[in-house]
2 protein chains.
Amino acid sequence: MSDPISLPSQSEISGFFAVARAIIARNRELILQRQQSGFSIAIKSDLSEVTEVDHAVEEAVRNELAQHFPDHGIIGEEFAPTNLTADFQWYIDPIDGTQNFARQIPTFGSILALHYKGRPIVGCVDHPMLGQSYSAAYGEGAWCNGRKLSLADLGPGASLEYELVTLSSPAQFVRTNEMHRVERFLKNHTNVRIYGDCFSQTCAISGKTGAAVHFNVKAWDVAAARILVEEAGGKCLTRVVEESERGGPYWRMVLGKPRVVDYLSKWFLEEI
Amino acid sequence: MSDPISLPSQSEISGFFAVARAIIARNRELILQRQQSGFSIAIKSDLSEVTEVDHAVEEAVRNELAQHFPDHGIIGEEFAPTNLTADFQWYIDPIDGTQNFARQIPTFGSILALHYKGRPIVGCVDHPMLGQSYSAAYGEGAWCNGRKLSLADLGPGASLEYELVTLSSPAQFVRTNEMHRVERFLKNHTNVRIYGDCFSQTCAISGKTGAAVHFNVKAWDVAAARILVEEAGGKCLTRVVEESERGGPYWRMVLGKPRVVDYLSKWFLEEI
């Protein structure tokens, strides 16, 4: 973990953490209510789906953050960023996995994170339909539903090749013509799942899987993941690719048990 | 659907259906209890995992079926078959997705099906952690938690290439050296998920996904799927491959919305 001296005080961080957890709990209620009462779906310019609920949740989070922290910046999936030069930047993905949300596939989640001078200090991922809420803050540990998470590394004798790992949807690899990474990896490793949303992050953070690969995603998709996995005792490696002509910048992140992260990084972060 | 004349009477089928639903409901309780209280895990000869809970659930189902239907056959994942020449054969997969069950990944399920002279007439898939119970019987419709399922086909103008579809784990394709099917498919279709258990069946049956591909699985893995999807109004195509030297026979099944099933069958059921 990086030098703590330049970070806000621990009591300030605790305060941010409390606000973030309150907001993510309210997001859950709003999402479940609107899922029951019905909503319209539209197709965005990148061909992904967006619902009224994505907009309603992000708007509610923005209003709440603006009241608490008017000088902080906000970067969200559905609206233009505000205060882009502020040291504190909140990241919102109101519904990560909108396609799954719209189909009642319960792995989608709501993401909220706070970064200070580019460093993640608070991260929350909530799965409304699964009733699971993951949260972490710098120096405060990582938690799921009131239980502190502690991620054990794979033992030195354990075989990497049978570890259960998750990949991003193939559609993410196609964005930069890198399906060869998936093809080569699958020739060497077959215990693989694809969930298509932040459920893969929370599985890795809680040790259900060995590690998760996120490939060519947006900043808000993985904004909470690093602090969550590091506070749980795991590892996170990141590479950001500037691909503005193809819709980037894109984030590539591998997170989970340290040995599994190192193993996966050569397939998905390095040049191959 | 096939000619009903040779099937048991509707009232007999209703009776089998009631027993099956009662058993699958009790399986859920047993699975959730044992998941909380802890269990040991062993590795089977095919390198897959098995827990005490798999054995306990299958034993309970076998005892219950033997009391109700002493002349019926039983084919289950964990114990040797009984009454193999009987017209009625029950199929049990006590926990489909044991790896997921052991890791608290909630997509695993318990499967129970009854076939008469090789034709599925009752099928149940229950997801204990998700609180979802799917069941169907010939002439009785397909149901989830008391709601009747009706699977609409993809409209004639709708584009197949963006449909959300699920595949079996890559490990299943490796069994018969057929990863080229996955590679070629992913060059043409990228909106893909891999759940690694019967959650992919129930997503297809309920229209959450366009269709599910099950590749090189065992009879009990897909024993409930056909009657479930056909009673919901969907389509199911099957190919059985005799591969006794590599652990078969293996079942390959595509189920879901009829147009999507036809589209997927050329990648996964025909020779390519």
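**Close-up views of the predicted model**

**View 1. B:Glu183 lies in helix H5 of chain B.** Helices and strands here are DSSP runs numbered from the N terminus (helices H or I of at least four residues, strands E of at least two). In this predicted model, local features need pLDDT of at least 70 and side-chain atom pairs count only at pLDDT 80 or more, while totals for chains, interfaces and linings use all residues. Residues are numbered from 1 along each chain as its sequence is written, chains are lettered from A and ligands numbered from 1 in the order in which they are written, and side-chain values use heavy atoms, leaving out hydrogens and water. B:Glu183 has a relative accessible area of 16% and is therefore buried (buried is under 20%, exposed over 50%, partly exposed in between, with a 1.4 Å probe and protein chains only). Leaving aside residues up to four places away in sequence, B:Glu183 touches A:Glu183 and A:Lys187, contact being heavy atoms within 4.5 Å.

**View 2. A:Tyr195 and A:Phe199, then B:Phe39 and B:Phe101: two aromatic pairs to compare.** Over all chains, the whole structure holds 23 aromatic pairs. A:Tyr195 and A:Phe199 make an edge-to-face pair, with 4.9 Å between centres and 75° between planes. Rings of Phe, Tyr and Trp (its six-membered ring) pair if their centres lie within 6.5 Å, and planes under 30 degrees apart are stacked, over 60 edge-to-face, the rest tilted. Both A:Tyr195 and A:Phe199 are buried. Now look at B:Phe39 and B:Phe101: their ring centres are 4.9 Å apart and their planes stand at 25°, so this pair is stacked. B:Phe39 comes from the loop between helix H1 (10-37) and strand E1 (41-43) of chain B, and B:Phe101 from helix H3 (residues 98-102) of chain B, so the pair ties together parts that are 62 residues apart in sequence. B:Phe39 is partly exposed, at 22% relative accessibility, while B:Phe101 is buried at 0%.

**View 3. A cluster of rings in chain A.** Here you can follow ring pairs that link A:Phe16, A:Phe69, A:Phe88, A:Trp90 and A:Tyr116.

**View 4. A:Arg21 sits over the ring of A:Phe17.** The charged end of A:Arg21 is 3.9 Å from the centre of that ring; a charge sits over a ring if NZ of Lys or CZ of Arg is within 6 Å of the ring centre and within 35 degrees of the ring normal. Chain B offers its own example: the charged end of B:Arg21 sits over the ring of B:Phe17, 3.9 Å from its centre. A:Arg21 belongs to helix H1 (residues 10-37) of chain A and is partly exposed, with a relative accessible area of 36%. Beyond residues up to four places away in sequence, A:Arg21 touches A:Cys124 and A:Ser135. To place this view in the chain, note that the C-alpha atoms of A:Arg21 and A:Leu269 are separated by 31 Å, with their positions 248 residues apart along the chain.

**View 5. Helices H5 and H8 pack in chain A, and a matching view shows chain B.** In chain A, the axes of H5 (residues 179-188) and H8 (residues 258-268) come within 9 Å and cross at roughly 135°. Axes are lines fitted to C-alpha atoms, for helices over the stretch in contact, with angles from 0 to 180 degrees between N-to-C directions. H5(A) brings A:Arg181, A:Val182, A:Arg184, A:Phe185 and A:Asn188 to the contact, and H8(A) brings A:Tyr263, A:Leu264, A:Trp267 and A:Phe268. In chain B, H5 (residues 179-188) and H8 (residues 258-268) pack at an angle of about 135°, their axes 9 Å apart. There, B:Arg181, B:Val182, B:Arg184, B:Phe185 and B:Asn188 in H5(B) meet B:Tyr263, B:Leu264, B:Trp267 and B:Phe268 in H8(B).

**View 6. Helix H7 (residues 225-232) of chain A is largely enclosed by the rest of the structure.** Six of its eight residues are buried: A:Ala225, A:Ile227, A:Leu228, A:Val229, A:Glu231 and A:Ala232. The buried residues of H7(A) pack against several elements of chain A, including strand E6 (119-127), strand E7 (132-137) and helix H6 (199-205). Just after H7(A), A:Gly233 has a positive phi of about 105°.

**View 7. B:Gln104 and B:Asn216 have positive phi values.** B:Gln104, a residue other than glycine, has phi near 60°. You will find B:Gln104 in the loop between H3 and strand E5 (109-116) of chain B, partly exposed with a relative accessible area of 32%. Phi of B:Asn216, also in a residue other than glycine, is near 55°. B:Asn216 is in strand E12 (residues 211-217) of chain B and is buried at 0% relative accessibility.
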